[in-house]
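Trainee: Before we look at the details, could we go through the terms used for this protein one by one, setting each against its criterion?

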Amino acid sequence: MPKNLYTKNALKEAIAGKLQRHFACEVADATKDQIYEACALVVRDALTEHMIQTQNEVEKYGERQVHYLCMEFLVGRSLRNNAYNLGMLDELTAALKEMGYEMADIFEQEADPGLGNGGLGRLAACYMDGMATTGVRGTGYSIRYEHGIFKQKIEDGQQVELPDSWLASGDVWQIPAMDDTREVRIGGTIDTHFDENGKLVVEYHDYTPVLAVPYDMPISGYDTGNIARLRLWEAKSPIALDMKLFSSGEYLKALEKHAMAETISMVLYPEDNHREGQSLRLKQQYFLVSATLQDICAKHKAKYGTLANFAHKHVLHINDTHPTLVIPELMRILMDDNDMSWENAWNITSQSVAYTNHTVMPEALECWPVSLVQELMPRIMQIIHEINERFCRDLWNYFPNDFQKISRLAIVSDGIVRMAHLAIAGSFSINGVSALHSDILKERVFKDFYTIYPAKFRNVTNGIAHRRWLCEANPKLAALIESKIGKGYRKHPSELQVLANYGEDKALLAQLGQIKRDNKLRLAEYIKEHNGIEVNMDSIFDVQVKRLHEYKRQMLNILHIISLYHKLKDNPGMDFVPRTFVFGSKAAPGYAVAKKTIQLIHSIANMINNDPDIGDKLKVVFIEDYKVSLAEMIMPAAEISEQISIAGKEASGTGNMKFMMNGALTIGTMDGANVEICEAVGRENIFIFGMETPEAEALAASGNYEPMLIYQNDPVIKRVMDHMIHGFGDGVDYTDLANLLLHGGNGGPADRYMSLKDFSSYAVAQERVGEMYRRPENWNYMSLMNIANSGRFAADRSVAEYAQNIWRVKTNFAF
Ligand code: B1N
């Protein structure tokens, strides 16, 4: 639909038309759900038109394209985002209003696709938005999981996982592209020999064929015709089940293969920052990689007739090591299917692949048993062995005779394939996701690789889609900002900086406070409705929403809440700045400590929220089923953003950026991107506490962390821990968690994340938060400084850095 048709009346007519054709109903009889779908179809028409144009331009100009491979894309809802980016949100809102509907109600009809776990998947989605807006020719590739991240229910304070079936209402945005269906081969055996011309022949026997069927989601850029496409592969079996085979015994075999194929895209693994060593996960990874590469190569060959210029035309960006098999798979395609020599294939491959590392947690670094790779993808294992041999020969030149080091750095060693080593060896660029994290990669995690290939290492600090997280999620704040500095920041986020000139503008500061209050009210109503808890509007909304993981230290927050409770119990009349602590978090279903921590939050919430001595001075709220659409309501309402991981473990964090951009103040450790947030806003506008990375790492390495000494010497901590050991009056036993903090678990060292060590400085920082909150004008000033300095954390900036320093493609972004 051309832009001049994005008028209220044209939209009304278009929506009515869709209702008539798709649901055979008129506006007056339509359900909200049908209205939503009609709106989505209208917006989709505009998108597909842009998508075709974008594809045609890519075809015509043959510019280098970026292919972003990620096992997760946590895209969130699409209707509002696309309408906003296409510049039709206001007209659509007005059109719906005249039809008798509130836009917000209609948005709520859309499923929130949970095709990811947390930060990694959401980052990929934010970068699609960034690529579309900055003019990068980008395609994302992932799996069309039938079941995304589980739906979380809380029963008796405990997490229960329910399947999420987002496809039921979420497929309006996905356009099937059956013609691009590819076949991926899993398992079986191979037979390699040279034919009479000396050409390598690879024969495949008894493998399981799996069809990869693509569905495309167009994602619009803001104020541009450029569209980024997200291609989601669905696994289908081509094996027709034929009862005639039954007597020959072939039927069951066929049935088994059929079922295996269709399982591949059935479910997203719900682990975050943890590797899952199951064969289905490896099949998923290879499925994604093989389908994607076949697709790119087939199109490339159709255009150029050769793959020799592949690296000039494509970048294959792998989001963490999960798609690392692109390296051997591209080698396979170049050599086996295109007769290329090893050397040529290797040059092309290693000049096409770029790798982003997202974690230093040892339990998340991927490795696969050789035997499993061999069983599921025998040809790929052969190629990995060859890559490894050549790589070790190279290592020998750098570290002659140092067998130990070479075996430590090898790709294959002790029957294990180390995916990160493969990714480093086979790529031209490796980057971390915050300045601190990139330094840790160079200085510690990949130190030896850094000595060999210093030029491969970079940093690109993460960024978030600021239009979604600020303009759309917080329209009142956006309107206030725009009344002062105009709309330029929508495309040039650094212009937010101009807001810093308004620090003395008392009226503006008051308006900022009022908007925060309005957003708090919306969250309070949600809490009232869903948790039955009445929260105090004058309390500090102190929020920790993120995956539940020990290193993120929700526990530290909880311990502090218990200590506040004790303080208030001792002296109920004290002058206390009221607080509402909000948690939202999913735990991996197999992660017992994380699940128990969720239960602990509930036990404490019960105790505190129902204690008449406490009244509305302290409340603890757990928001069930935290997801993108809830985050969009929570971020604008937060006043304190909890970013309290132990220093050196959170690669970046991106929630921290969303909070800041919405005017929340951070209480945090010097970890991940908190370091850069601190630098951006200045120490006076953030609450920093705790050990810094060198100290935390040294203490952990020394083995001298002795929480029992802290317990014995700090009466506040002692009382908190004793309370945990005695329980919170609901019969649930928490000695297991207490023991973990005080003595360590399973004979291991005491609490690797050293919550007790940072407790007192955290409590002091929280004390400062309370004092600052007593002076609303100062608080609002700090809030404004956070918003004003958040522009550098926009995804547009991150994407433009990737484009300039890694992908070497042009953008329209001005730094
Ligand atoms: O990636 C985010 C960062 O902001 C976070 O700090 C980081 O924790 C997160 C295996 C992961 N790292 N690794 C994962 C997710 C799923 C999985 O199966 C690892 N997630 C992160 C974006 O850079």
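Mentor: What follows takes the overall form, then a helix pair, then strands and sheets, and then a single loop residue, all in a predicted model.

Trainee: What makes the radius of gyration of the protein agree with that of a compact globule?

Mentor: For 815 residues a compact globule would have a radius of gyration near 28 Å, and the protein has 27 Å, so the two agree. The C-alpha atoms fill a box of roughly 95 × 70 × 60 Å along the principal axes, and buried residues make up 50% of the 815 residues. Among contacts between residues at least 6 apart in sequence, 75% join residues at least 24 apart. The secondary structure comes to 33 helices and 23 strands.

Trainee: Why is helix 11 called roughly perpendicular to helix 14?

Mentor: Helix 11 (residues 326–337) and helix 14 (residues 378–398) pack at an angle of about 105 degrees, with their axes 9 Å apart. Angles of 65 to 115 degrees count as roughly perpendicular, and that is why helix 11 is described in this way relative to helix 14.

Trainee: Which residues meet where helix 11 packs on helix 14, and how do they divide into nonpolar, polar and charged?

Mentor: From helix 11, Pro328, Glu329, Met331 and Arg332 meet Arg379, Ile380, Ile383, Ile384 and Ile387 of helix 14. The residues of this contact divide into six nonpolar, no polar and three charged.

Trainee: How do you know that strand 11 is largely enclosed by the rest of the structure?

Mentor: A residue is buried if 20 or more other C-beta atoms lie within 10 Å of its own, and six of the six residues of strand 11 (residues 314–319) are buried, so the strand is largely enclosed. Both faces are covered, with His314, Leu316 and Ile318 buried on one side and Val315, His317 and Asn319 buried on the other. Strand 11 pairs in the parallel sense with strand 1 (residues 65–69) over five bridges, where Tyr68 stands opposite His317. Strand 11 also pairs in the parallel sense with strand 12 (residues 353–356), over four bridges, and there Val353 is the bridge partner of Leu316.

Trainee: What makes strand 20 and strand 23 edge strands of their sheet?

Mentor: Their sheet is open, with six strands in the order 20-19-18-21-22-23 and parallel pairing. Strand 20 (618–623) and strand 23 (687–688) each have a single partner strand, so one side of each is left without a neighbour in the sheet. Elsewhere in this sheet, strand 21 (residues 640–643) and strand 22 (residues 665–668) run parallel and are joined by four bridges, with Ile640 partnered by Leu665.

Trainee: How do you know that strand 14 and strand 15 count as paired?

Mentor: The criterion is at least two bridges, and two bridges join strand 14 to strand 15 (residues 416–418), which run antiparallel. Ser413 stands opposite Ile416 in strand 15. The two strands belong to an open sheet of three strands with the order 13-15-14.

Trainee: Why does Ile239 count as buried?

Mentor: The cut-off is 20 or more neighbours, and Ile239 counts as buried because 20 C-beta neighbours lie inside 10 Å. Ile239 is found in the loop between strand 10 (227–236) and helix 8 (250–263). Leaving aside neighbours within four places in sequence, Ile239 is in contact with Ala254, Lys257 and His258.

Conventions
Residues numbered from 1 in each chain as written. Predicted model: local features only at pLDDT ≥ 70, side-chain atom pairs only at ≥ 80, totals over all residues. Axes fitted to C-alpha atoms, helices over the stretch in contact; angles between N-to-C directions. Parallel < 35°, antiparallel > 145°, perpendicular 65-115°, else oblique. Contact = placed C-beta atoms within 7 Å. Nonpolar A, V, L, I, M, F, W, Y, C, P; charged D, E, K, R; others polar. Rg over C-alpha atoms; globule rule 2.2 N^0.38 Å. Buried ≥ 20, exposed ≤ 12 C-beta atoms within 10 Å, placed from the backbone.
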